[in-house]
Amino acid sequence: MTVSFIINTVSIIVVFVSMFYFYYVSNVFKKSQLGQKVLANTSQITMSAFILGLAIILIELNAVGLSRAKFVNHLLIYGAFVSLVNSVSLWYFSRTINED
């Protein structure tokens, strides 16, 4: 097994686990005002991670150039990064934001 296969597999697992966690938590949080605050703050952090990761990939693509295989690997890592940031943000804000 190559290192890229392991990284790709871990990235895919992170994306799926984060996706299911997001679906579960957002289904619970959409019913309350506090949940709406949590989801709003989480979306701001997730969007920032999305833009940051995209900028890094584009800079690397223009500066160094990527083969198709490396580009796909970078996209998988990028997706895992954004998914992980989303899940961690949901977890963090759900514990720190209080009802006013």
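Helices here are DSSP runs of at least four residues, numbered from the N terminus. In this predicted model, one such run is helix α1, which spans residues 3-29 and holds Met19. With a relative accessibility of 27%, Met19 counts as partly exposed, because that class covers the range between 20% and 50%. Sequence and space tell two stories for this residue: Met19 and Leu84 are separated by 65 residues along the chain, while their C-alpha atoms lie 9.1 Å apart.

Another helix, α3, covers residues 68-96 and includes Ser89. The relative accessible area of Ser89 is 7%, so this serine is buried, the cut-off being under 20%. Once neighbours within four places in sequence are set aside, Ser89 is in contact with Thr42 and Ile45.

Aromatic rings offer a further view of the model. A pair of such rings can be described by how far apart the centres are and by the angle between the planes. The structure contains 3 aromatic pairs, and one of them joins Phe22 and Tyr23, whose ring centres are 6.0 Å apart with planes at 55 degrees, so this pair is tilted. Both partners are partly exposed, Phe22 having a relative accessible area of 28% and Tyr23 a relative accessibility of 47%.

The rings of Tyr92 and Phe93 also pair, with centres 5.3 Å apart. Their planes meet at 70 degrees, so the arrangement is edge-to-face, the label used for angles over 60 degrees. Here the two partners fall into separate classes: Tyr92 is partly exposed at 44% relative accessibility, whereas Phe93 is buried, with a relative accessible area of 15%.

Key:
Residues are numbered from 1 along each chain as its sequence is written. This is a predicted model: local features need pLDDT of at least 70, side-chain atom pairs count only at pLDDT 80 or more; totals for chains, interfaces and linings use all residues. Side-chain values use heavy atoms; hydrogens and water are left out. Helices (H or I, at least four residues) and strands (E, at least two) are DSSP runs, numbered from the N terminus. Buried means under 20% relative accessible area, exposed over 50%, partly exposed in between (1.4 Å probe, protein chains only). Contact means heavy atoms within 4.5 Å. Rings of Phe, Tyr and Trp (its six-membered ring) pair if their centres lie within 6.5 Å; planes under 30 degrees apart count as stacked, over 60 as edge-to-face and the rest as tilted.
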